[in-house]
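Student: I have a model open and want to learn how to read its interior. Can you take me through it?

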Amino acid sequence: MMLLIAPGPVMLYQGEERGLRQPSLPKSAITDPYDLLYWPDMPGRDGARVPIPLGRRRRAGLYDRRPMAADGLGVSVTVQDAGADSNLAFYRRAAAFRRDRLGDLTLQDWSQDGEAIRLLYPGVEVVLNFGQAPVGARPEPDFCSAEIEGASLPARTGAVWLD
C-alpha cells in the first residue's frame, strides 16, 4: 500500500502483487556464474528468474526451462483471481483507488509518532503503522489495508482519508 500512495511512478517486481517470494534454490539449480561465485552467501539472481506461476499445474509458468518455486502454485494468477481477499485483489483495489481517487500527491507535511508515519498531501491524509501495536487514527478511512474498528489503526496497516 505504501508504494501506491507515494508520489511518483509505481514499480513492482514480478510476482510482488501476488506475494510471490524469491525461492531458495539448491546449488544444482543455479546456472548464473555470479550466483555460483558467491554461493551460498547471497540470494542471487537465479531465484528471481523462476517461472511466474500462472495456473494450478506444476508446469504452468511463463518459462519452462527453470524449476518453479515449491510455494509458487498457491500464488498463481488462477488461484488468486478466485479470491476477493487475495494479495492480487488488494493490489488491484489499491491501484484503482490511486488512479480514480488520489489527485495531487505533492507531500505537504509529514510526522512520525513512534512507529507510525502520517503523510499529508493536498486533500489526503495517510497513516502508515509499521509497529506491532495499534495506533490512534480517524475512523472510517476511504481506503485501508486492513479492517479498522473505531479510532484505532491495527499494527502493520496503512489507511487513507480523503477530505
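Tutor: We go through the cores, then one buried residue. This is a predicted model, where local features need pLDDT of at least 70, side-chain atom pairs count only at pLDDT 80 or more, and totals for chains, interfaces and linings use all residues. Residues are numbered from 1 along each chain as its sequence is written, and side-chain values use heavy atoms, with hydrogens and water left out.

Student: How many residues does the largest nonpolar core have?

Tutor: In soluble globular proteins, nonpolar side chains tend to be buried together. A nonpolar core is a set of buried Ala, Val, Leu, Ile, Met, Phe, Trp, Tyr and Cys residues joined through side-chain atoms within 4.5 Å. Buried means under 20% relative accessible area, with a 1.4 Å probe and protein chains only. Here the largest core has 17 residues. Those with the most contacts inside it include I5, L102 and F143.

Student: Which element gives the most to this core?

Tutor: α4 does, with 4 residues. Helices (H or I, at least four residues) and strands (E, at least two) are DSSP runs, numbered from the N terminus.

Student: What is F143 in contact with?

Tutor: Contact means heavy atoms within 4.5 Å. Leaving aside neighbours within four places in sequence, the partners of F143 include M1, F90, F97 and V160. Another core, of 7 residues, lies apart; V127 and L153 are among them.

Student: Why does T157 count as buried?

Tutor: Because its relative accessibility is 5%. T157 sits in strand β7. Beyond four places in sequence, T157 touches V127, L128, N129, C144, S145 and A146. Its side chain also reaches the backbone oxygen of P154 at 3.2 Å.

Note on methods. Buried means under 20% relative accessible area, exposed over 50%, partly exposed in between (1.4 Å probe, protein chains only). A polar contact is a pair of N or O atoms within 3.5 Å; within protein, one must be able to donate a hydrogen and the other to accept it, and residues adjacent in sequence count only if both atoms are side-chain atoms.
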